[in-house]
Amino acid sequence: SMYGYGGHSAYLPMPAPQRPEQFAWWDQQKIRETVTRKWVLEHIVPEGVKKRLDTPMSFGDGLTESTYVEWILGHAKKFFLVLWELGIPERIFQIVDGSWDDEDLPLTAETVVRLGLENPGLEKRFLKKQHMFLLRMLEEGDHVDYCEDETVALESASGRRQLAAGGAGAGTGMVVDKVYFPRYREEFYMRARIPLEPVDDNGKEDSDGGGGGGGVHDAIPRETFLAEIAASKAVSHKHIVKIHASYTHQDYGYLLLTPACELNLSQFIKYTPYTFKAMPKPRRRRVLLEWLHCLADALAFMYERGVAHRDIRPRSIMVNQVTYQILFADIGNFRRLDAGGVRSPGHDQESYEYAAPELWQRAMVYGEGGSPGSTVTFHGRRTFRRGSSAAYQTGSTGSGGGFGGGSSLQVGLSQWVATSNNPSKSDVFSLGCIFLDILSFLMKRRASAFTAHRSKKQRRPRQTATPDQSFHANLPQVETWIEDLEQDAEKKGDVTVARTLRLVRAMLEREPGDRLQPRQVA
């Protein structure tokens with residue numbers, strides 16, 4: 001998924017970040033406040049060397065009356081900090097005499113030798129340590145490409161990193177954690193890490209390198225990562241998770257997402273927070289019904305901006321556990337960050353169960369003598385093995401009673417294919433499934449009961465595999481569930497729920513052309 005928000009576990013509140021007694025990051029403010037005349041004098045130990053700080057500088061041929069300490073405080077604070085970190089602060093005099101200042105940082109392997117350190121080990125350490133004092137801070141809307149040795153000034157709110165939606169089997173390699181900026185400890189963001197294709201020594205991407213980020217096979221091109229970020233930033237809506245900033249570092253791309261929601265819709269329904277249960281019943285009802293309008297309006301807004309969601313399901317919908325605001329995540333094909341326009345069905349079970357029928361069809365291909373033959377497409381259910389095929393021999397019976405002179409009829413099932421290029425109607429179907437989940441929760445029906453009802457007709461004697469629980473493969477059962485909810489609503493005189501169920505029925509039409517448009521739903 002785009003953000004990797006959706007996990008499988010119950011909602012567990014993240015512990016509050018520990019507050020260090022001293023600010024650990026060397027940003028501009030800390031450098032300005034720390035490197036004073038007194039501090040410099042304290043860190044130049046030999047008295048003879050210390051006295052030299054107040055003497056005029058050697059370079060400049062007498063054109064300047066500045067002393068060494070004045071130059072350090074005005075032009076070389078970061079140089080002095082690097083040398084102090086290396087344990088050689090007295091070397092600052094030769095740095096100043098060489099007319100170096102902070103504007104020359106960062107140094108490269110070619111330029112560091114000109115410092116005169118005369119020690120390859122010190123030069124190598126200088127190249128690494130300098131980045132401690134050259135922090136590039138992320139601001140809202142920024143994208144920064146950090147080099148390998150740079151430090152990214154973000155603190156983790158806990159030691160826990162969560163695998164992206166779909167679990168390890170999804171193969172995306174994406175993980176998420178909760179972070180904050182060092183000087184803004186009360187503002188949290190969810191950080192998604194996405195593997196990128198590695199770059200070779202010539203600055204070109206190595207698509208054959210086994211994937212970026214330590215060999216993750218679903219690494220994506222950097223150009224695709226940046227293009228999708230730009231497209232997502234064009235979609236700003238209060239019910240869509242927002243990209244606050246982004247950056248790349250060491251063969252990974254990172255997204256900072258706000259608000260920092262840790263509770264998805266699936267978790268909310270299964271493990272409803274006590275604070276929600278404690279609300280007055282009319283307020284709980286109002287929140288749930290407002291969610292339907294919020295999601296419908298956000299989806300319509302996406303399509304009016306030319307962006308499709310393509311993966312609407314409970315774990316791609318986030319709930320703010322404080323305000324109970326509901327938000328879409330994983331928009332714009334970010335689940336795999338594919339550049340293509342039509343999403344092929346993924347491997348995630350939940351994505352399959354909430355997908356529209358036209359996204360899950362298979363073709364039976366048959367021909368004679370190895371010829372391509374003809375193709376018959378049908379709505380399938382995931383009871384076949386992917387890529388399965390069979391060959392049957394047909395022909396006349398020979399004189400020996402055996403089969404001779406016959407022909408070979410090749411029959412096989414193709415991969416699952418999407419037969420519609422209209423993602424808006426597919427997203428409307430998936431949103432209808434979400435609506436039905438929310439309405440079932442409102443009517444105090446258990447999610448497990450709905451799942452069991454959907455798959456009831458799929459069970460077979462002595463079948464060990466889990467029956468198909470998808471909406472699209474069990475539309476007759478979904479219809480009977482809607483009818484049961486309608487009868488319950490009529491008994492209670494709940495006109496609002498009854499009308500909304502009729503809307504859901506129109507969203508769950510099997511044929512895409514019979515469904516509503518996103519704005520019609522809103």
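Glu479, Ile482, Glu483, Leu485, Glu486 and Ala489 of helix 16 are in contact with Val497, Ala498, Leu501, Arg502, Val504 and Arg505 of helix 17. Sorted by character, the residues of this contact between helix 16 and helix 17 comprise seven nonpolar, no polar and five charged. The model in which this pairing appears is a predicted one, and the description that follows starts from these two helices before turning to the whole protein and to individual residues.

Helix 16 covers residues 475–492 and helix 17 covers residues 495–507, and their axes come within 9 Å of each other while crossing at roughly 165 degrees. Because an angle over 145 degrees counts as roughly antiparallel, helix 16 and helix 17 are roughly antiparallel to each other. The crossing in which helix 16 passes helix 17 is left-handed.

Helix 16 also meets helix 15, which is formed by residues 447–454; the axes of helix 15 and helix 16 come within 8 Å and cross at roughly 135 degrees. That angle makes helix 15 oblique to helix 16. On the side of helix 15 the contact is made by Ala449, Phe450, His453 and Arg454, and on the side of helix 16 by Gln477, Val478, Thr480 and Trp481. The residues of the contact of helix 15 with helix 16 divide into four nonpolar, three polar and one charged, whereas the contact of helix 16 with helix 17 has seven nonpolar, no polar and five charged residues.

These helices belong to a protein whose secondary structure comes to 18 helices and 14 strands. The protein has 522 residues, of which 50% count as buried, and it exposes about 25500 Å², with carbon and sulfur atoms supplying 50% of that area. If one takes the contacts between residues at least 6 apart in sequence, 66% of them join residues at least 24 apart.

Particular residues show how separate parts of the chain are placed relative to one another. Valine 40 lies in helix 2, residues 37–42, and it counts as buried because its relative accessibility is 0%. Once neighbours within four places in sequence are left aside, valine 40 is in contact with Val35, Leu53, Val69, Ile72, Leu73 and Phe80. Valine 40 and leucine 81 are 41 residues apart in sequence, and the distance between their C-alpha atoms is 9.4 Å.

Leucine 255, found in strand 7, likewise has a relative accessibility of 0% and therefore counts as buried. The C-alpha atom of leucine 255 is separated by 9.3 Å from that of valine 176, although the two residues are 79 apart along the chain.

Strand 7 comprises residues 252–258, and the loop between strand 7 and strand 8 (263–264) holds proline 259. The peptide bond joining threonine 258 and proline 259 is cis, with omega at about 0 degrees. Threonine 258 also has a distant partner in sequence, since phenylalanine 188 is 70 residues away along the chain and 7.6 Å away in space, taken from C-alpha to C-alpha. Phenylalanine 188 is found in strand 5, residues 184–195, and counts as partly exposed because its relative accessibility is 23%.

Some features of the backbone deserve attention, because most residues other than glycine have a negative phi, and most peptide bonds are trans. Besides the bond between threonine 258 and proline 259, which is cis, the peptide bond from leucine 105 to proline 106 is cis as well, with omega near 0 degrees. Proline 106 has its place in the loop between helix 6 (92–97) and helix 7 (120–129).

The loop between helix 6 and helix 7 also contains glutamate 118, whose phi is near 55 degrees, a positive value in a residue other than glycine. Glutamate 118 has a relative accessibility of 74% and so counts as exposed. Tyrosine 324, too, has a positive phi, of about 60 degrees, although it is not a glycine. Its place is in the loop between strand 9 (317–319) and strand 10 (326–328). With a relative accessible area of 6%, tyrosine 324 is buried, whereas glutamate 118 is exposed.

Key
Residues numbered from 1 in each chain as written. Predicted model: local features only at pLDDT ≥ 70, side-chain atom pairs only at ≥ 80, totals over all residues. Heavy atoms only, no water. Axes fitted to C-alpha atoms, helices over the stretch in contact; angles between N-to-C directions. Helix = DSSP H or I, 4+ residues; strand = E, 2+ residues; numbered from the N terminus. Parallel < 35°, antiparallel > 145°, perpendicular 65-115°, else oblique. Left-handed = near helix turned anticlockwise from the far one by under 90°. Contact = heavy atoms within 4.5 Å. Nonpolar A, V, L, I, M, F, W, Y, C, P; charged D, E, K, R; others polar. Buried < 20%, exposed > 50% of the residue type's maximum accessible area, 1.4 Å probe, protein only. Areas by Shrake-Rupley, 256 points an atom, 1.4 Å probe, with all protein chains shown as cover.
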